Amino acid sequence: MMTLSTSLDIIPTMGSTVIEHCRATRAHVEKDIAAFNEDMTALAEPSRRLRSRRISLSCISWLPPEILTTIFTYIVEEDTFKSHTGTPRPCDVPISVMITHVCRHWRQVALECPTLWAFLNCVSVNWLDIMFERSRKAALVVIYRSPGSLRKCFEQILSQLPRIKFLQLCSSPWEVDRILDCLSSQPAPSLQTFKFSIVRKSYTRVIGPISDAIFQGRAPLLRSVKLIECTFSWTSCIFSGLRTLDVRRIGSASYPTLSQLLSALRRMPGLEQLTLGLSSRISEDTELFDQVPLTRLKSIALDTCTLQNAVSLFSCLAFPVDVKIALNLAPIGSCLSDLFSAMHKDPDGPGPIIRSMRVSLSYHTFGIQFGTSTTFKSEYFWDPHDDDILLSIQFKCSSSTRKPPVVFDMCQMVPHRQIQSLFVTSSLCLRDNFWRVGSADLPELESIQLSGTCNIRSLIAVLQSGGIQSSDMAYPSLHALGLENIDFGCGEAEELQDIIIMRAGRGVGVRELRLVKCRNLMDDRVQLFKEVVTVVDWDGHEEGLVGGDGSGGGCLCHICRDESSSGEDYAQALLHSDYDYDPDSDAYSED
């Protein structure tokens with residue numbers, strides 16, 4: 001029998017045997033791994049050749065280098081001009097570099113195209129030398145939309161100023177002086193577009209102005225300038241020969257007198273697009289000014305502008321009758337007629353026909369647009385990218401101007417109007433007077449499109465008004481009605497159907513009805529509409545207006561609320577509403 005002492009004597013012998021076995025096994029494994037790696041290495045080259053052959057057989061590999069170059073350039077341009085992040089890519093790699101990592105053929109094509117490397121969209125400082133080298137002598141497009149991405153590399157970028165044709169920079173206040181020094185250190189013979197903005201935030205220290213020595217006074221090809229939050233002189237060399245000028249949030253040190261502004265515009269006879277932010281009143285000199293002819297002007301936008309400034313400026317400009325005008329005004333006063341007289345100096349002369357009108361009404365802001373088409377291609381915006389919209393006016397409301405029918409007063413001042421389509425978006429409860437004024441002022445109206453959180457009670461009331469003759473009916477030419485995001489009150493759908501039948505009997509029927517996201521409107525009621533309207537376009541949206549969990553909380557439509565509101569409940573409803581309506585003045589005022 002083995003004793004404990006005997007077992008202890010055997011352990012060292014067993015341990016050495018195990019260790020030797022492990023060493024031998026490890027040697028065999030390492031030998032097998034080495035052999036496996038040799039086999040993999042031998043297969044790598046044939047595998048690479050097979051992959052390369054497979055890629056060469058793909059359709060895209062049949063494209064000639066010229067087509068690939070066009071595609072690559074389009075991708076880089078899209079990334080450069082349509083990216084709005086203002087920060088480098090998460091991987092910190094320019095898209096032109098990413099293209100070279102797809103395959104050998106793409107890499108060769110990309111490296112032989114200098115233009116592909118000339119787009120610097122927030123490119124990190126780590127890649128700038130490579131981009132400069134591979135772009136060779138191609139003109140550069142430089143865009144840095146945030147101070148953070150520009151901070152470490154602006155000196156390196158602006159060392160290439162003579163090569164830059166498009167320059168867009170966004171700077172923090174404490175780096176402006178150094179950037180301006182760099183911009184003044186060399187001429188910019190290739191520069192065509194210059195955009196410079198400053199992110200001030202809470203920074204209050206005075207920032208150095210853009211001097212007349214910028215670009216050493218030599219930027220002969222410069223045609224587009226955009227300055228935001230900058231300090232500058234209106235006599236600067238950059239304000240000459242421009243086709244596009246955009247200057248907003250002008251500091252007090254740079255705010256122009258009327259004569260200074262007009263003098264600068266005189267040096268831009270080829271100006272096509274003008275955008276100005278004139279929030280403070282322009283000082284009008286005592287002298288009289290000849291009108292500045294801007295015969296090539298296509299659009300003018302005045303942002304955060306006082307009405308008086310708009311009148312003063314338009315009075316001194318002469319431009320084509322089809323210029324697109326967009327105004328974002330402070331609260332307007334009583335001189336609306338002066339504004340329209342200044343904009344349309346010859347209302348009886350030839351001009352484009354206005355066929356549509358769009359109105360946007362909220363408690364704080366009114367907006368109105370006039371277009372030459374009977375439709376609007378874009379969502380509402382005070383300065384839309386829609387060539388059919390010739391006039392846009394948005395203004396803040398005061399207690400004296402919070403009257404929705406004022407938009408029809410403005411319509412009467414627009415020359416060459418033949419309004420056939422009216423689009424209304426409103427969060428206000430529009431009263432009967434709004435629709436009655438519209439009927440009187442728009443006799444040729446064929447289509448009404450209503451959307452928003454308002455109800456249609458007043459519109460229904462006006463549509464059923466008038467005499468027996470069709471000419472006596474409200475909106476005698478109306479044949480299309482669109483309702484979107486409307487809450488139908490109980491019984492209003494039935495009432496609208498009766499009105500459609502009545503108007504059809506008098507020769508002024510509604511032939512098209514569009515219903516989108518309307519609440520308290522169910523399929524059975526829509527089917528009845530289809531019996532009396534030729535074309536009913538319904539999105540199938542069914543949503544009731546019931547309180548609680550939908551099983552008995554009561555109807556929440558405006559009709560049922562009005563019927564159940566009395567005494568204290570009605571007072572509470574007014575207390576929590578955004579506005580109260582005065583039926584005598586048709587104005588909306590705060591409680």
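The chain has 18 helices and 21 strands, where helices (H or I, at least four residues) and strands (E, at least two) are DSSP runs numbered from the N terminus. Keep in mind that this is a predicted model: local features need pLDDT of at least 70, side-chain atom pairs count only at pLDDT 80 or more, and totals for chains, interfaces and linings use all residues. Residues are numbered from 1 along each chain as its sequence is written, and side-chain values use heavy atoms, with hydrogens and water left out.

**The whole chain**
- Of its 591 residues, 44% count as buried, meaning under 20% relative accessible area (1.4 Å probe, protein chains only).
- Take the contacts (heavy atoms within 4.5 Å) between residues at least 6 apart in sequence: 68% of them join residues at least 24 apart.

**Strands 18 and 19**
- Strand 18 (residues 512-516) and strand 19 run parallel, joined by four bridges; DSSP has to find at least two for strands to pair.
- E512 sits opposite V535 of strand 19.
- Add helix 16 (residues 523-532) to these two strands and you get a right-handed β-α-β unit. Right-handed means that, with the strands pointing away from the viewer, the path from the first strand over the helix to the second runs clockwise.

**Two faces of strand 19**
- In a regular strand, side chains alternate between the two faces of the sheet.
- In strand 19 (residues 535-538), V536 and W538 point to one face and are buried, while V535 and D537 point to the other and are not.

**Helix 2**
- Y74 belongs to helix 2 (residues 65-81).

How values were computed: Buried means under 20% relative accessible area, exposed over 50%, partly exposed in between (1.4 Å probe, protein chains only).
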